[in-house]
Amino acid sequence: MDTIDRFIEKAKVAGAEVARVDAICAAAFIADFLKKNNLKTAIISPDLKARPPFDAAFAALGTGLAGGELWVDAGIVAADYGIAETGTLVHFDRSDDEKNAWTLPDVCLCVLDTVKIVPALEAIVPEISAHLGRTDIASPQVSLVTGPSRTADVENQLTIGVHGPARLIIVLA
Amino acid sequence: MPKKPAVDPALKGVLQEFSRTYRRKRAAVLEGYDFEALRTRLAAVKDAALDRNAELLARFEERARAHGSVVLRARDGAEANAAILGICREHKIDALAKAKSMVSEETGLNAYLAAHGVTARETDLGEWIVQLASERPTHMVMPAIHMTRGDVAALFSRRLGREIPDDIPALVRIARGEMRKEIFAAQAGLTGANALIAESGAIMVVTNEGNGRLVTTVPPVHIVLASIEKVVPSTAEALDILRILPRNATGQSITSYVSFIAGPHTTAQYVILLDNHRSEMAADPVFRAALRCVKCSACLNVCPVYQLLGGEEYSHIYMGGIGTLFTAWIHGLDKSKALAKYCLRCHRCEGFCAAKIPIADLITALAERLNRETGKTPWKRLAFDGVMGRPKLQQAAFKAARTARKALGTKDGFARRLPAWMKKYDRFRALPAPAAMTFARRFEKERGTAGAAARPAKGAVTIYGGCLIEHFYPEIGLAAARVLARLGYEVKPGPDLCCGFPPSNAGYRQASGRAFKALLRAFEGEGPVVTLCPTCATMLARRGPEIDGSDEAKALAARIVPFGRFIAERELAAVAGRPTPAGLAVTYHDSCHHKNVLAAEKDSRRAIASALGAPVVEMDEPDACCGFAGTFCVDNPEISAGLLADKLAAIEKTGAGVVAMDCPGCLMQIRGGCRRSGLAVRAAHTAELLDEALTPSGL
């Protein structure tokens, strides 16, 4: 099995949904998904908003929670790496807005470039270490996200969406 | 005596089911991985990091400061709590949102802050529920494992003033809303750390729910409360922890969220490094191994006693066997005394430990310390220091017991008239009476029929029976002798002295050493020493040489072979008997030392299958302890009875007519339990089954 197939399989095992689209269609796919699923409020992570074609497609979307509201329907983000062994998304955070766009919404849509999928976390140890060592940005953080937010704290029964998103949609482009 | 434990049948059911699900998920997620290699690596990483602890902490501190973090050292819980209160005062924090932190439980942080006007709200769902109920977590990974959905719904209904249905997704949805409000209202977030990374000054936080992310991004101040043994050199070692922690904790390949965080995200980040006697623990050559612990809870998930009692009873703050060790160092020896008695020393947890911590052996070392520093239990002092440690008295005591056979009303090998004080040990299983003659004596007397090979061609074999075979079940020794003689060995019995294990296990190291030494001196000859009791074998092959240290002890250790292994390795084809009579099924009980220390469980199954011409019928949880466990069943008769009841139910469910085992201690427990409960199943030693299968008129 190749690395991409393995990533898809493991991400699904972890409860994520995976959509494979052409790179040029990713923004359109997400816009369509928001409409079809009636996700009215959405935020976009600053790093993705700076990236064409997402900058134009989502020009109207804010990058953070404006008035301190607690809830938002959807967050649109991009991952820096994918880990095939566990179906994990890796993001090198540079700001709280980026982190919040991953965590606060009910649904998280994440764009991942297939060339950024590596077999195991151990393959990107130097990159992780380098990012955490950065002193040019406040609070460098590396986030590993695998599937939706989950708990089994009541009767050991798996339940999704306890703090973070109940749905994680990976848009593989 | 500790207070009488309350075995709650509903809780026991939940914990046992959790344990089964856990083991199934863990086995599936570890498929294709070399668990032994992973944990050997983790143990080495943690040991190496402990060796360099001071240096790594200094490096971490320097790197964290470079990111703008404030690093504080706390010698004990009081200092840590005071430091956190100081931070709250400085930043005018009156509400704190917490991700799960066992270290904050250790310091009693929530109560301390509450007393000083700061509200600390838990955000891990299980912890949040437990806090709402004004209770304490009963499991490190599953804090509310003791509560049902009905309990949670009733709790939410009371708190919210409306009727909440007991539907789990709905309950989680409601909690999500309430917890999010609390997180946004908090001025600071507090987390623990699964690792402190020295090279970058970053922390690693592992969660499933995402609360770790929220409390470190939403409130402006982030406080990290971490114990000093969490520091590792670099990202690579943190990933060594991450590779095994979720797999071993919950059977997940990775948790939903893992965050590596360096420095303050907005206003400030404080990292409090708590020692609380860990430096002393690290300096102790024996107990330092416990500091490898990554808090995965696998040991609790497979602990038979934990599943019976739950974490409220079997804890001070930290739970189970590993928790007992931390309690002794962190909260004081006196607090660990009652807990230490709960460990069966079955070693089951050691097969699951992510960091290869010899938990059971460390509990034994703790028992020695408790005896030394907090005083000995009178009856154990008499039995071990007074009798077992003195070979002449030991033999006199057994002789005296033999003369009491008539007074005990002996029938079918059971004592029917016991003194009143023994009644609570006899209620759930009938106790055997001492045999009229020891194995050694009977062997001499019946030499012609028992031990003489027709043509001894394969050399000499010594059978060491041990106390239970010598004094209670000599027929098992004779059965083993007949089997080996028939296979062509020249058989003779070993010395009829105690191996020294019981005093050792109870923490009477000197008495144990004396008993072992006397046995060692009495041993003669060369060639294999076949053992019929895995506990004796553990003493002779492992613990005795550790205590004694002599070349003679090592030489004897090299000769020890458990009976089942002797047959499986040398005589498997030769013991092939006649096919099992139709309808006679045999099930097999794994004795703790036989499986978890000697790893001989497959050998015995193979030997029995060969002799009977059919594999054993497996029972549920064949390796769950039967509850005998030596002095454990004297210290904890209620737990012993509970474990035995589960074992008997598992045996009955197989429909087998015979339950085989390799330990005369288990035999005493299970045979007595069958007798008392009226279960018509015969409990037999593996040697007895083989003897019968090879005897023309047998079975």
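**Group meeting: a helix crossing and a chain interface**

So, let's start inside chain B: helix H23(B) goes past helix H34(B) in a left-handed crossing. Keep in mind that this is a predicted model. For those following along in the structure, H23(B) covers residues 474-486 and H34(B) covers residues 686-694. Their axes come within 8 Å and cross at roughly 50 degrees. We call H23(B) oblique to H34(B), because an angle of that kind is neither under 35 degrees nor in the 65 to 115 range.

Who meets whom there? On the H23(B) side you have Ile476(B), Ala479(B), Ala480(B), Arg482(B), Val483(B) and Arg486(B). Facing them from H34(B) are Ala687(B), Glu688(B), Leu690(B), Asp691(B) and Leu694(B). Sort the residues of that contact by type and you get seven nonpolar, four charged and no polar.

Okay, on to the two chains. Here 39 residues of chain A are in contact with 49 residues of chain B. On the chain A side, helix H5 (96-103), helix H6 (125-132), strand E8 (141-145) and strand E9 (150-151) each supply at least two of the touching residues. Which of them gives the largest share? That's E8(A), with five residues. As for the make-up of this side of chain A, we're looking at 20 polar, 13 nonpolar and six charged.

And E8(A) does something else: five bridges join E8(A) to strand E9 of chain B, residues 257-262. The two strands run antiparallel. If you want one pair to click on, take Leu144(A), whose bridge partner in E9(B) is Val258(B).

Definitions and conventions
Residues numbered from 1 in each chain as written. Chains lettered and ligands numbered in written order. Predicted model: local features only at pLDDT ≥ 70, side-chain atom pairs only at ≥ 80, totals over all residues. Contact = placed C-beta atoms within 7 Å. Helix = DSSP H or I, 4+ residues; strand = E, 2+ residues; numbered from the N terminus. Nonpolar A, V, L, I, M, F, W, Y, C, P; charged D, E, K, R; others polar. Pairing = 2+ DSSP bridges. Axes fitted to C-alpha atoms, helices over the stretch in contact; angles between N-to-C directions. Parallel < 35°, antiparallel > 145°, perpendicular 65-115°, else oblique. Left-handed = near helix turned anticlockwise from the far one by under 90°.
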